[in-house]
Amino acid sequence: MEDNVIIRLKDVCKKFNNTYAVENFNLYVNKGEFVTFLGPSGCGKTTTLRMIAGFELPTSGSITLNGQDITLISPHMRPVNTVFQRYALFQHLDVYDNIAFGLRLKKIKDEKTGKMRKLTSKEIDEKVLNALKIVDLEEYEDRDVTTLSGGQQQRVAIARAIVNEPEILLLDEPLGALDLKMRKDMQLELKQMHKKLGITFIYVTHDQEEALTMSDIIVVMKDGQIQQIGTPTDIYNEPKNAFVADFIGESNIYNATYRGDKTVRFLNHNFACVDDQFAVNEKVDVVVRPEDVILGEVGKGMVDGKIVTKVFKGIHYQYVFMVGKNEVVIQDTRDFPVDSNASISIEPDMIHIMKKELNANVYQDAYIDNKNRVVIANTPFECDVTQVLPNSHLDDDGYLIGPKGKKYDLNDADVVASINLTDVEICENEEDGMVPGVIVSVIYKGDHYQVTVRTEDEEDFVVETEYTYNETDRVSINIAKEKISLSIKGDISKYEI
Ligand SMILES: Nc1ncnc2c1ncn2[C@@H]1O[C@H](COP(=O)(O)OP(=O)(O)OP(=O)(O)O)[C@@H](O)[C@H]1O
Ligand SMILES: [Mg+2]
């Protein structure tokens, strides 16, 4: 199938100022596909697109086009064109001249003489009119671009990109500046243009609905890394982790335990499931889509609880159902009274089980400073260093004394520090905690939130909390001395004095 691959990114990394904007990106795109990069702001979508276009060089890794390495080839030598979010049209030119601009500079090989020559005005005319036809702007060639609507201007920008007959069209949030209605119309039109042109589209968006409706393949990204590659149905029905599930549509996500024998426990109930690739008693994440929960009369289903809210959404009702302190969001076309006891059932194949991403915060690059504190995210935290050696204690000078009286100087000792997700405390005021940071993700897990706080030097603290926070909130974090677990890296004997 290799023949069908148009572009391949292999182990592509891009670092800016020592932090990765894109990390170990591996992807191949087949000819004629509509591929979408989807992910939150700052996850590296534009950077990846710019590397494909040649505006940015990878720090490492390679990019091949039709089997040829183009990693270092300059942008204008690549059969690739880009449409940007802010369509940079020439305001002093009319529609025709905007589209013809690039063609007038271009040189082609004359078929008869074999020499390079400019395009004739007849050739340019044909190409421009054809491009206008594809973007549905026939008869607009004499219009001043300033008199066009946003959607029409964006179409001119697309015409300008496709008039060069690229093999790949890159589109970076091309509909971002349009209002919702126009956006929806243009989504359908872009899809039709893709069909008509038959070329490969690589599209960037942070809008999951847009990605689901338009793409053949979606690449979900987070923090410069690919989380999942798949068709819209794959990604929706079989999200690989809690991030993807949460990002793609509404879901119920729970902490659960795999009990073995195709049984998983959450909502205080043992549910039959179809997955069996987990260890007995392994902690897992479970995802259930709201439309896959079946409401029923109390006592007749698998788990009883209470309907606490109900909203009519046009085709279905959306209910919030409480099982103890756990919330279950349900979509059902049938009408049940609010504030009533009811039951829910979930079919085995509607329970999606995922490997747990994280059980604790683990810092591999921590070290001990000269005051026996552990340094994580450039911040010294009070800790109990005696845990690195059983039955040890500190002497008056701060040296560690082993059980047999050996003396160790732990200053600069490399350690692995770990802190449970429930043991990190978030302070609402930046000044109150040890390290300031920004909330970069909030995932609801039925009865609590999993919140990620990122510090200035890109260290993450993941916190499980019952309180809710907003993404982009500035907060700070604290960790109690006794909550930090330490283990020494390598052998402790190298710190003996
Ligand atoms: N030229 C640059 N110099 C330094 N850092 C950069 C540069 N370009 C991008 N970055 C950083 O790389 C990361 C990824 O940025 P990128 O623009 O690719 O994200 P994005 O997914 O396109 O986000 P958005 O949805 O907001 O457009 C960000 O942290 C960004 O600040
Ligand atoms: Mg971007």
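1. Two strands are taken to pair if DSSP finds at least two bridges between them. On that basis strand β18 (residues 303-312) pairs with β19, the two being antiparallel and joined by six bridges. Within this pair, Phe-312 has Tyr-317 of β19 as its bridge partner. The model discussed here is a predicted one.

2. The link between β18 and β19 is a hairpin with four residues between the strands. Gly-314, in the turn, has a positive phi of about 100°. On the other side of the topic, β19 also forms a hairpin with β20, here with two residues between them. In that turn Gly-324 has a positive phi of about 60°. Seven bridges join β19 to strand β20 (residues 326-332), again in the antiparallel sense, and Gln-318 stands opposite Gln-331 in β20.

3. In a regular strand the side chains alternate between the two faces of the sheet. Strand β19 (residues 317-323) shows this alternation. Tyr-317, Tyr-319, Phe-321 and Val-323 point to one face and are buried. Gln-318, Val-320 and Met-322 point to the other face and are not buried.

4. For the protein as a whole, there are eight helices and 35 strands. The C-alpha trace spans about 90 × 70 × 45 Å along its principal axes. Of the 497 residues, 34% are buried. Among contacts between residues at least 6 apart in sequence, 66% join residues at least 24 apart.

5. The division is into domain 1 (2-237), domain 2 (249-355) and domain 3 (363-495). The centres of domain 1 and domain 2, taken over C-alpha atoms, are separated by 41 Å.

6. An open sheet of five strands, with antiparallel pairing, has the order β15-β14-β13-β16-β22. At its edges stand β15 (269-272) and β22 (352-355); each has a single partner strand, so one side of each is left without a neighbour in the sheet. From one strand to the next the twist averages 40°. Strand β16 (residues 283-288) and β22 run antiparallel and are joined by four bridges; Val-287 stands opposite His-352 in β22.

7. A further open sheet has three strands in the order β26-β27-β28, with antiparallel pairing. Its edge strands, β26 (393-394) and β28 (407-408), each pair on one side only. Strand β27 (residues 400-401) pairs with β28 over two bridges in the antiparallel sense, and Ile-401 stands opposite Lys-407 in β28.

8. Ligand 1 is surrounded by Phe-16, Asn-17, Ala-21, Gly-39, Ser-41, Gly-42, Cys-43, Gly-44, Lys-45, Thr-46, Thr-47 and His-206. By class, this shell has three nonpolar, eight polar and one charged residues. Helix α1 (residues 45-53) supplies the largest share, three residues.

9. Helix α2 (residues 95-105) has Val-95, Asn-98, Ile-99, Ala-100 and Leu-103 as its buried residues. The cover over these buried residues of α2 includes α3 (121-134) and α4 (150-162).

10. Asp-3 lies in the segment before β1 (5-16). Asp-3 counts as exposed because it has 9 C-beta neighbours inside 10 Å, the limit for exposed being 12 or fewer. Asp-3 and Glu-33 are 30 residues apart along the chain, and 14 Å separate their C-alpha atoms.

Definitions and conventions:
Residues numbered from 1 in each chain as written. Chains lettered and ligands numbered in written order. Predicted model: local features only at pLDDT ≥ 70, side-chain atom pairs only at ≥ 80, totals over all residues. Near = placed C-beta within 6 Å. Nonpolar A, V, L, I, M, F, W, Y, C, P; charged D, E, K, R; others polar. Domains from an automatic or database assignment. Buried ≥ 20, exposed ≤ 12 C-beta atoms within 10 Å, placed from the backbone. Contact = placed C-beta atoms within 7 Å. Axes fitted to C-alpha atoms, helices over the stretch in contact; angles between N-to-C directions.
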